Amino acid sequence: MPTEHGGYNNFHNGCIIDKRQFFNNNKSIIMLSLGRHCLQLFKDIFQPSRIFLPKYTCTRLKQYTSQLDMEVQFYNIDENFLPILNGNKSDDVVVVNNYFGMSSNLKNWHATMDRIEKESLLLVDNTQCLLSI
């Protein structure tokens, strides 16, 4: 595997001692520099069986999921970049991309994120959200 370049907050296995320090009543946020680190963190803490990824997402993230020993399901997005999900359950991780920072400005964004968070483990990828700054 190629060497990673860039980033600012490296993730090392074993750095999480107690999930409550980061996920207090599902309201705390932890920021990591790479989506791969987020997936590894979710896998280590919540031990999900499946991950839902948008079909239009980072190639490196797709490649990394093959190393996680989890079933991967790909989903489509609608004309507003919102997920079209089928069959996700409470122990699944759903990765939602904030495409170009535009998604979080849409009126249905927050309602959709709230719905997904009630149904599954929600991971929002803000990597490419330059326009939302």
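**Exercise 1. A bridge between strands**

Which residue in β5 is the bridge partner of Asn97?

Solution. The model used here is predicted.
- Step 1. Strands β4 and β5 run parallel, and five bridges join them.
- Step 2. Within β5, Asp125 is the bridge partner of Asn97.
- Step 3. Strand β5 is largely enclosed by the rest of the structure, because four of its five residues are buried.

**Exercise 2. The overall layout**

Task: describe the order of the elements and the general surface and contact figures of the protein.

Solution.
- Step 1. The protein contains three helices and five strands.
- Step 2. Along the sequence these elements follow the pattern α-β-α-β-β-β-α-β.
- Step 3. Of the 133 residues, 38% are buried.
- Step 4. The protein exposes about 8,600 Å², with 50% of that area supplied by carbon and sulfur atoms.
- Step 5. Among contacts with a separation of 6 or more, 60% involve residues 24 or more positions apart.

**Exercise 3. The nonpolar cores**

Task: locate the largest nonpolar core, then find a separate one.

Solution. As background, nonpolar side chains in soluble globular proteins tend to be buried together.
- Step 1. The largest nonpolar core has 16 residues, and the members that touch the most others are Leu39, Ile51, Val93, Val95 and Leu123.
- Step 2. Two or more residues of this core come from each of α1 (35-46), β1 (50-54), α2 (59-65), β4 (92-97) and β5 (121-125).
- Step 3. Helix α1 gives the largest share of this core, five residues.
- Step 4. A second core is separate from this one; it has ten residues, including Phe52, Leu85, Trp109 and Leu122.
- Step 5. For a single member of the largest core, take Ile51: leaving out residues up to four places away in sequence, Ile51 touches Leu39, Thr65, Met70, Glu71, Val72, Gln73, Val93 and Val95.

**Exercise 4. Helix α1**

Task: check the length of α1 and decide whether α1 is enclosed or open.

Solution.
- Step 1. Helix α1 has twelve residues, which at 1.5 Å a residue should span 16 Å.
- Step 2. The end C-alpha atoms of α1 are 16 Å apart, so the expected span and the model agree.
- Step 3. The buried residues of α1 are Gly35, Arg36, His37, Cys38, Leu39, Gln40, Leu41, Phe42 and Ile45.
- Step 4. Because nine of its twelve residues are buried, α1 is largely enclosed by the rest of the structure.
- Step 5. The cover over these buried residues includes β1, α2, β4 and β5.

**Exercise 5. The aromatic pair**

Task: find the aromatic pair in the structure and classify its geometry.

Solution.
- Step 1. A search of the whole structure gives one aromatic pair.
- Step 2. The pair consists of Phe42 and Phe46, whose ring centres are 5.5 Å apart and whose planes meet at 55°.
- Step 3. Planes under 30 degrees apart would count as stacked and planes over 60 as edge-to-face; at 55° the pair is therefore tilted.
- Step 4. Both residues lie in helix α1, four residues apart, about one turn of the helix.
- Step 5. An α-helix has 3.6 residues a turn, so residues three or four places apart point the same way.
- Step 6. Phe42 counts as buried because its relative accessibility is 9%, where the limit is under 20%.
- Step 7. Phe46 counts as partly exposed, because its relative accessibility is 25%.

**Exercise 6. Positive phi outside glycine**

Task: describe the backbone and the accessibility of Gln47 and Phe81.

Solution. Most residues other than glycine have a negative phi.
- Step 1. Gln47 is not a glycine, yet has a positive phi of about 50°.
- Step 2. Gln47 comes just after α1, in the loop between α1 and β1.
- Step 3. With a relative accessible area of 63%, Gln47 is exposed, as the class requires over 50%.
- Step 4. Phe81 is not a glycine either, and has a positive phi of about 65°.
- Step 5. Phe81 is found in the loop between β2 and β3 (83-84).
- Step 6. With a relative accessible area of 23%, Phe81 is partly exposed.

**Exercise 7. A loop residue and a helix residue**

Task: place Gln67 and give its separation from Gln40 in sequence and in space.

Solution.
- Step 1. Gln67 lies in the loop between α2 and β2 (71-77).
- Step 2. At 45% relative accessibility, Gln67 counts as partly exposed, whereas Gln40 is one of the buried residues of α1.
- Step 3. The two residues are 27 residues apart in sequence, and their C-alpha atoms are 9.8 Å apart in space.

How values were computed
Residues are numbered from 1 along each chain as its sequence is written. This is a predicted model: local features need pLDDT of at least 70, side-chain atom pairs count only at pLDDT 80 or more; totals for chains, interfaces and linings use all residues. Side-chain values use heavy atoms; hydrogens and water are left out. Buried means under 20% relative accessible area, exposed over 50%, partly exposed in between (1.4 Å probe, protein chains only). Contact means heavy atoms within 4.5 Å. Accessible areas come from the Shrake-Rupley method with a 1.4 Å probe; for residues, only the protein chains shown count as cover. A nonpolar core is a set of buried Ala, Val, Leu, Ile, Met, Phe, Trp, Tyr and Cys residues joined through side-chain atoms within 4.5 Å. Rings of Phe, Tyr and Trp (its six-membered ring) pair if their centres lie within 6.5 Å; planes under 30 degrees apart count as stacked, over 60 as edge-to-face and the rest as tilted. The expected span of a helix is 1.5 Å times one less than its number of residues. Two strands pair if DSSP finds at least two bridges between them.
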